Amino acid sequence: MPTQLIEEPLGITCVFSDGRRADYRLDGLPNPLLARDLATGLVDLIHPHGTADSDGTVNFYVQALRNMVRTLAAKGFAGGAAQLRRGQLAEFWMASPTRLEALTRSMLEGFAQTGGTLGEGVLDLASGRHFNIQPYRHALPPYPEEEWQRLTEVCRTLVDESYAAHRQALAAAARGKHPGSGGWSAENVRWLLARLGPVTTARFGEELGCTEGAIWQRGGFLEANTDLFPTHNALIAYRLLFGIYSGIVPDGIDDLVTDDIDWAGDSTVLLSYVKRRTAAESLTLPRRAVRLLEQWLAHSALLRSFTGPEDRRRLWLALSRPGQFTVVTGSGARAAIQRWVMRHQVLTQDGRPLKVHRSRIRTTHHAMRDKSTWTGSGRATIDPNHTPAVEGDHYLTAVTPAQQHAVEAVIEDTQHDMLRRSHPPAVITQEDAAALASGYPQLLAAMDLDDAAIAELVGGQRDVFTAACGDQLSGLHGPKGKPCPARPWVCLLCPLAVFAPRHAANLLRLKAFFSRQWQQMPAAQFMAVFGPYAAQIQQILDRFDPAVLAKATTQIADRDDELPLRPEEMTA
């Protein structure tokens, strides 16, 4: 069910791209007419119509809506959005904070976009220059190499030391026995804690028949808790180091559950996560991240066995403090991370505490990575979700020769891509080598094909999913000498692709896939990702015989399993 407005009682029901649902109540406001109009505009801003795709973002809009309705009602306004006048809005926005002005302007624009009526000049004012100019926010640059190395070393040291202490504590617990019969010793305390869980001193004393004060007097209880169960301090180190090794977005790391981990052998992990801007994605983890994940699962296994079913699914969980059975499932607010930084003296080059931004960790992960060591090709982009402009602004600050080469490679690849798109598609109406040779002499000359290769091209031996490929090992979209890694729709704009009637069914399947993506993606995002290919596929199909297309249509089931898609490319 998509995002929709509920009339009675007034509210909004949202379904986000990751499948989560949220309900927002808007009844009880002093001016229900204006509240309803603004809510109508807000629906247009929420996924799948707009870019608001998380509970936090929508909640900001809802709070702004309530503020605007109450403020204007206090001044005697009782009409809907159509009765708003430029003077009223100018007065409200000039007195509002920057965020409130921006959010309410967007809702009015959304209301007009859905067909709502606004007063004369109101839409121009809403879409015009803001009274409270929002400061331009530059992308955070990568950490300097010395600071990056220091942060990595501190995290690695804490992770290794806490895990080593955990293993020693488990070994000691295996040698111990009940303190009531065996006496008070480090092994016996750990033996009992391993069976009771991370209990308080009062609960531990009840088991032994002694007071809480006696437990403190004997000592060693907190140390045993810290060694057996991961603490918040260790959790922060694990999560920061996991971000350093994997480069996954912070919100994707936050929401991981154990079901997201797909083991493909002993040393390979396919990790599924949710990136708020682009919904579900997956990543084959680097080797260091796989080993760290294995270590964390082993470190948290004992604590996980004492938690409830819901917490047990969470990947990240630890004790808030030793000796208190209060499980936390995240690394906490930024303030907690900064306290961790000061506790472990993670300093900048000038001796001040390092400001840890987890998004900046992702940026540095990509900026520090030499492309030749992870793709085998300087032609590939760092992240397939990004445009060259985003990569240039966020990741490719040219501070080393390798990074300078990466910047130039991205620019060159973009220029080549623009030139390739200007060439008309090679479509043969009959699967005949003579027809191809006579119709596309320049194409064959550019491919440098002999008669045997031409016969293979038109006979099907060089077929990929949507076309016949002139040279799969050309290195046009990947490493030279290795099979082309391009996605099926990339062939639509590839100069090495030749389309024959036998490809009509797969072309129609790909067109149906574009239609499904159009229905679930915002228009701007669809055009950025699939727009050029969706336009090209229609040009190719228009050159086929209608009888060929009619026959191929009977083979289409309009399902994702008809195409070779990755998990993150599936339609909802």
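**Exercise 1. Is Phe221 buried or exposed in this predicted model?**

Solution. Start with the value: the relative accessibility of Phe221 is 1%. Now bring in the cut-off: buried means under 20%. Phe221 therefore counts as buried.

**Exercise 2. Phe204 and Phe221 form a ring pair: what type is the pair, and where in the chain do its two members lie?**

Solution. A pair of aromatic rings is described by two things, the distance of the centres and the angle of the planes.

- Step 1, distance: the ring centres of Phe204 and Phe221 are 5.1 Å apart, and the limit for a pair is 6.5 Å.
- Step 2, angle: the planes stand at 55°. Under 30 degrees would be stacked and over 60 edge-to-face, with the rest called tilted. So this pair is tilted.
- Step 3, place: Phe204 belongs to helix 9 (residues 201-208) and Phe221 to helix 11 (residues 221-228). With these positions 17 residues apart, the pair links distant parts of the chain.
- Step 4, surroundings: Phe204 has a relative accessible area of 0%, so this residue is buried.

**Exercise 3. Describe the pair Phe513 and Phe514, then find the cluster that includes these two residues.**

Solution. Take the two numbers again: 6.1 Å from centre to centre and 45° between the planes, which makes this aromatic pair tilted. Phe513 and Phe514 are both buried. Next, follow the ring pairs outwards: they join Phe513 and Phe514 with Trp489, Trp518, Phe526 and Phe530 in a cluster. For the whole model, the count of aromatic pairs is 13.

**Exercise 4. Which partners does Arg105 have, and is Arg105 buried or exposed?**

Solution. Go partner by partner.

- Step 1, the ring: the charged end of Arg105 sits over the ring of Trp93, at 4.3 Å from the ring's centre.
- Step 2, the acid: Arg105 also forms a salt bridge with Glu101, where the closest N and O atoms are 2.9 Å apart.
- Step 3, the helix: both Glu101 and Arg105 are in helix 4 (residues 98-113). They are four residues apart, which is about one turn of the helix.
- Step 4, accessibility: Arg105 comes out at 0%, so this residue is buried. Glu101 is buried too, also with 0%.

For another charge over a ring, look at Arg99, which lies over the face of Phe60 at 4.1 Å from the ring centre.

**Exercise 5. Which parts of the chain does the salt bridge between Glu187 and Arg175 tie together?**

Solution. First, the contact: the N to O distance between the two side chains is 3.8 Å, and the limit is 4 Å. Then the positions: Glu187 is in helix 8 (residues 186-196), while Arg175 is in helix 6 (residues 145-175), so the bridge ties together parts twelve residues apart in sequence. Last, accessibility: Glu187 is partly exposed at 29%, and Arg175 is exposed at 59%.

**Exercise 6. Where do Asp463 and Arg502 lie, and how many residues apart are they?**

Solution. Their side chains meet in a salt bridge of 2.8 Å, N to O. Asp463 is in the loop between helix 22 (451-459) and strand 10 (468-469). Arg502 is in the loop between strand 11 (497-499) and helix 23 (504-520). The two are 39 residues apart, so the bridge links distant parts of the chain. Asp463, at 30%, is partly exposed, and Arg502 is partly exposed at 29%.

**Exercise 7. How many salt bridges are counted, and which network do Arg516, Asp558 and Asp560 form?**

Solution. The count is 16 salt bridges. Arg516, Asp558 and Asp560 are linked in a network of such bridges.

Technical notes: Residues numbered from 1 in each chain as written. Predicted model: local features only at pLDDT ≥ 70, side-chain atom pairs only at ≥ 80, totals over all residues. Heavy atoms only, no water. Phe/Tyr/Trp six-rings, centres within 6.5 Å; stacked < 30°, edge-to-face > 60°. Buried < 20%, exposed > 50% of the residue type's maximum accessible area, 1.4 Å probe, protein only. Lys NZ or Arg CZ within 6 Å of the ring centre and 35° of its normal.
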